[in-house]
Amino acid sequence: MDVISGLSSGFAVALLPLNLFLVLVGCFAGTLIGSLPGIGPINGVAILLPIAYGLGLPPESALILLAGIYYGAEYGGRISSILLNVPGDAGAVMTTLDGNPLARKGEAGRALSLSAVASFCGGTIAVILMSLFGPLLASFAVTFSPADYVALMVFAFASLASLVGKNPIKTLLGALMGLMLATIGIDANTGVARYTFGIPDILAGIDFLIVVIGLFGMAELIHMVEVQVSGKLKLLPIGKSFVSWRDIMTVKWTILRSSLIGFFIGVLPGTGASVASAVTYGTEKRLDPDGGRTFGQGNIRGLAAPEAGNNGAAGGAMVPMLTLGIPGSGTTAILLGALLLFNVQPGPLMFEMRPEIAWGLIASMYIGNVALLVINLPMAGLFARMLTIPQKYLTPLIAVLAFIGVYSVVGNPFDLYMIIALGLFGWVLRKLDFALAPVILGFVLGGLFEDNLRRALSISGGDWSILVSSGNSIVLYGLAVLIVAVPVWLARRQRSRVATDG
Amino acid sequence: MADRIFAAVVLAVVLGYGIMAFAVIKAPFQYDPLGPETWPQILTVAAALCGLYVLLKPDVSVMTMTGGTGIRLVVTIGLLAAYAWAYEPLGFIVSTIIYSAAMAFMLGGSAGRAIAFGVVSGVAGYLIGAWLLDLNLPGGVLGDWA
């Protein structure tokens, strides 16, 4: 019942002319950005965040716009994967495997429309599950004490370390760098300045917008200059083929399975579209009656699975962000930071205190998914034209957009040097195989982590055993150990099996 | 090797961070059991352990880069810094025209096209940013009538 009344109040917000307009703009801009080769959802949201902030919109409208860009970009990523064989980001890699062979057979139109339908189903199933489970999780999380929050955060970082990137220690070190960056500035509890070295520009802390633009906008720009491809990429023609009802019937179970798997992977902290699309593709390949032999040669199941999966994950990642205030992926970490900019603290109380934001966002996602399907089916050709923008023009535009965004918020030229320095730092991290998402997660969660730790110890009067004194926290620490130990144990078992086989 | 150098730099930074956490940061008075220094102290220990691990077990051995790419990157950073430096004094339109044109030219565009691209991005960027979206962009030398 709560869900129904919540949703109807949400639709009342989302259907306001301004918000409806912003959903459409966000979805359109997101698809455009997502279809640019090399720029994925996280870069797109990062580059446009300060501009959205500078527009002076109310928080729910700004969030609706940014979320539209986020899942729109998740949608658009498939276009360059299919037509160019160049994925926009890690989440779109699996889409190239069967999408590009289809396009080479002259069925690009069919591949694009089928993947649009799969994305639509993945996104819609995710938002339905979110409306059902989000409030439940929130009403459970309301009972969390500060000590439980500390445990939850430990679990989030454990799952991040275990599931993201190749080297867990590097992922952890990246998250720690984010946490350390977050300690710069005046400590809110005591008024003591930490690590400011007397520089007035950072007394209030390093602005979240600057970290995001630096790490995800400028670092991407430097990376694009480094790997700049001189030869022209071959853009395959879209042609006249289109998805048939039979195709959809063939993949209906694939889509359903992949959407569900994608959603649950998205909910886990730290894992997002890239893990979801890899897992769903692998699952379908294993379930294939032909033993997966046609996968990689243009199998429509192999195309539908990762697309349903990564859009499901994009929705799933929103759940912990909205209900716990703990983002499920790098991109939702940016959305969470965006809410903090508006002085809205996401978390279990948001469904009660700021229902217009929580439910408005959810309702806008129903509308956005339909809009994306409608935009994408007839206009694939227009988006495909974006792929022909040469990199030599695209690269400077990133800097121009980033500068507009950063400057327009505070009007401080010092910030422009900061984003260049952070961009260089982010580029070095990428070169050394550090994932950047943990850094931003650490940065966003730093304040919350420290606050909850200090609050917990204030409650106990300095007794550290409060951290392990509730059922919730013990379960969470147990899960944290499991999520780190199980992959290690599996890898060791696999290695010993290979050893005995050989 | 690249990993080791990076880890060494990280450890040096963490050392400085830790010295401040353990010796410098102090609240004049506080009511809570944890002051402003405890959290940085915890982070110092954790980051030092991770840094040591990477130092002892590096996995990225070399950072390969051809000379041409290196020069391109240096020029990119230089252009960005110049763009940041010129942003306020010259204003958005002029600095963006110069930066965009120079960048497009450096990345292989012909001179004519690069200049045309620069002019379009500077003027269109200002029209969309400052007029349509009402964002705060520096007018600079064109300040009076831009």
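The residues that line the largest cavity divide into nine nonpolar and four polar, with no charged residue among them. This cavity belongs to a predicted model, and a search of the whole structure finds three cavities of 30 Å³ or more, the largest with a volume of about 80 Å³. Its lining comprises 13 residues, and those that lie nearest the centre are A:Tyr71, A:Gly123, A:Asn311, A:Gly315 and A:Met365. Four helices of chain A, namely H4 (59–84), H6 (108–141), H12 (300–316) and H16 (355–386), each supply at least two residues of this lining.

From the cavity we turn to the place where the two chains meet. The contact draws 61 residues from chain A and 64 residues from chain B, and the area buried between chain B and chain A is about 5500 Å², with carbon and sulfur atoms giving 79% of that area. On the side of chain B, the three residues B:Phe6, B:Leu34 and B:Trp39 supply 13% of the area that this chain buries against chain A, which is more than any other three residues supply.

Polar and charged interactions can be followed across the same boundary. Between chain B and chain A, seven residue pairs are in polar contact, counting pairs in which both residues have pLDDT 80 or more, and the rule finds one salt bridge across the interface. In a salt bridge, the side chain of A:Lys170 meets that of B:Asp3, with an N to O distance of 2.9 Å. The elements of chain B that give two or more residues to the side touching chain A are helix H1 (2–24), helix H2 (38–56), helix H3 (67–90), helix H4 (92–106) and helix H5 (111–132). Of the elements in chain B, H3(B) gives the most to this side, with twelve residues. Sorted by class, the side of chain B that touches chain A has 43 nonpolar, 14 polar and seven charged residues.

A last stop lies within chain B itself, at B:Leu11, which is found in helix H1 of that chain. When its neighbours within four places in sequence are left aside, B:Leu11 is in contact with B:Ala48, B:Gly51, B:Leu52 and B:Leu55. For one of these partners, B:Leu55, the separation along the chain from B:Leu11 is 44 residues, while the C-alpha atoms of the two are separated by 8.9 Å.

Methods: Residues are numbered from 1 along each chain as its sequence is written. Chains are lettered from A and ligands numbered from 1 in the order in which they are written. This is a predicted model: local features need pLDDT of at least 70, side-chain atom pairs count only at pLDDT 80 or more; totals for chains, interfaces and linings use all residues. Side-chain values use heavy atoms; hydrogens and water are left out. Contact means heavy atoms within 4.5 Å. Buried area is the accessible area (1.4 Å probe) that two parts lose on being put together, summed over both. A salt bridge is a side-chain nitrogen of Lys or Arg within 4 Å of a carboxyl oxygen of Asp or Glu. A polar contact is a pair of N or O atoms within 3.5 Å; within protein, one must be able to donate a hydrogen and the other to accept it, and residues adjacent in sequence count only if both atoms are side-chain atoms. Ala, Val, Leu, Ile, Met, Phe, Trp, Tyr, Cys and Pro count as nonpolar, Asp, Glu, Lys and Arg as charged, and the others, Gly among them, as polar. On a 1 Å grid over the protein atoms alone, a cavity is a set of points where a 1.4 Å probe fits but cannot get out, and a pocket is an open set with protein on both sides within 12 Å along at least five of seven lines; lining residues have an atom within 4 Å of a point. Grid points are joined across faces, edges and corners, and a volume is the space filled by probe spheres set on the points.
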